[in-house]
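Visitor: Could you walk me through this structure, please? I am new to it.

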Amino acid sequence: MNERLLIATLCALGLLSTVGASLPYPMLAPLFADGNVNGLNSFLGLPPKLLLGIALMINPVGLLIGSAVLGPLSDGFGRRRALLLTTVGAALGHLLTAVAMVMESYPLFLAARFFTGLLEGNGAVMRALVIERISGPLRNHALSWLNGAFNLGWLVGPLLAGFTMAISPAFPFYIAAGALLLGTLGVLISLPATPIAPHGRRWWTVARERHALTLLRHPPLRTLFTVHLGYCCGVAALYEFFPLWLVDVGGYDARQIALVNMGMCALMTTAALFAGRASPVEGRLRAGWYAAVAATAILCVGFGNLWVGIAGILLFGAPHAFYNTALQTWAADEFALHGQGSVMALLSTIFCLANILMALAGSVLTLVDTRLVLVVGGLLAAWASVALRRWSVRSPHPHLESPAAAP
């Protein structure tokens with residue numbers, strides 16, 4: 001199929017998928033922390049900030065499982081079929097979330113967000129399609145543009161929530177469900193069906209035996225897991241808790257939080273348009289320097305006043321976009337023998353695990369001070385920066401340390 005049509009289709013689907021995942025972020029902090037009692041923030045009489053931490057964690061738990069298995073499953077069962085099934089299922093998950101918001105049912109909200117996250121772990125499938133079907137210099141640009149589409153979703157989703165939740169807290173989720181169904185039509189029209197190789201095994205057998213975490217049997221991929229997890233914990237600390245920081249420090253409401261998020265994601269999306277340019281500098285070395293800049297931005301939020309913190313939130317978007325493209329393209333080239341679906345799934349799984357860990361840590365640390373979560377996240381990202389640069393010097397070709405992946 002036409003490469004540019006493929007890129008446009010996947011970018012549109014990536015945007016629509018992320019819009020739904022990012023919708024609750026500006027909504028949840030005011031709902032749980034503005035002092036007004038409702039069915040969501042008074043469940044079992046638990047502290048609202050603890051309930052907020054659990055609510056932030058549950059979607060990444062689903063993403064963790066989905067990211068670990070959907071990429072490897074699509075290696076054998078077909079990318080197109082995987083995208084169609086997961087997109088329709090995620091739309092259903094958004095409808096369930098809307099019902100939970102109307103009922104103010106905390107358990108139903110958690111169940112719906114988990115189910116939606118499980119099926120939104122299809123980003124690895126999209127990245128694998130880009131890597132497999134696009135060649136030459138365009139591939140790196142396409143991967144960068146796809147990352148930009150995901151980043152743009154983090155702009156559009158919170159902005160949509162901030163400006164429409166006044167109609168009804170459920171209204172943004174109805175829009176997200178409809179948008180995903182439109183994305184399904186785009187996949188049907190634009191992606192041709194491909195023959196599926198006979199495998200003789202049921203999908204749950206493949207999921208159990210070929211999930212992304214099986215790659216950790218190889219030492220270089222374990223190193224990648226560790227250092228990327230450290231950086232992603234820093235990212236998750238900022239993503240998940242800067243809205244609560246804005247509520248605590250500046251008394252911001254959902255619309256104001258959405259505007260700050262808009263600025264960060266606009267810069268992130270713009271940077272992603274240029275992040276795919278070829279560079280003579282080794283991928284891990286570049287990613288390490290970008291991680292250092294991102295860590296500085298996160299620490300500005302943790303240690304700064306309102307305006308210094310907002311500047312850190314906004315400026316974080318640029319180095320993060322360049323980091324993502326540098327590390328993903330390097331990993332795709334370095335570990336291609338393990339299957340692109342599995343490699344991209346591993347990176348997605350790491351990000352989801354980081355979101356879970358920081359949501360758990362944050363639900364405790366915010367009981368003391370929200371800034372503690374951001375400081376811990378910034379320090380972890382700084383450690384990852386140093387570790388990546390040392391790894392680049394110590395092991396120029398890590399794939400040679402790992403046996404070829406089994407077919």
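Visitor: Which helix gives the largest share of the nonpolar patch?

Guide: Helix 4 does, with six residues. This is a predicted model in which local features need pLDDT of at least 70 and side-chain atom pairs count only at pLDDT 80 or more, while totals for chains, interfaces and linings use all residues. Residues are numbered from 1 along each chain as its sequence is written, and side-chain values use heavy atoms, without hydrogens and water. Helices (H or I) are DSSP runs of at least four residues, numbered from the N terminus.

Visitor: Which elements give two or more residues to the patch?

Guide: They are helix 4 (79-103) and helix 8 (171-190). Among the patch residues are Leu92, Leu96, Phe171 and Tyr174, and Leu96 is found in helix 4.

Visitor: On to helix 10 and helix 11: at what angle do the axes cross?

Guide: The axes of helix 10 (residues 219-250) and helix 11 (residues 254-272) cross at roughly 145° and come within 10 Å. Axes are lines fitted to C-alpha atoms over the stretch in contact, with angles from 0 to 180 degrees between N-to-C directions.

Visitor: And which residues make that contact?

Guide: Contact means heavy atoms within 4.5 Å. Helix 10 contributes residues including Leu238, Phe242 and Leu246, and helix 11 residues including Ile257, Asn261 and Met264.

Key: Patches are made of residues with over 30% relative accessible area and no salt bridge: like charges are joined within 9 Å, nonpolar side chains (Val, Leu, Ile, Met, Phe, Trp, Tyr) within 5 Å. Accessible areas come from the Shrake-Rupley method with a 1.4 Å probe; for residues, only the protein chains shown count as cover. A salt bridge is a side-chain nitrogen of Lys or Arg within 4 Å of a carboxyl oxygen of Asp or Glu.
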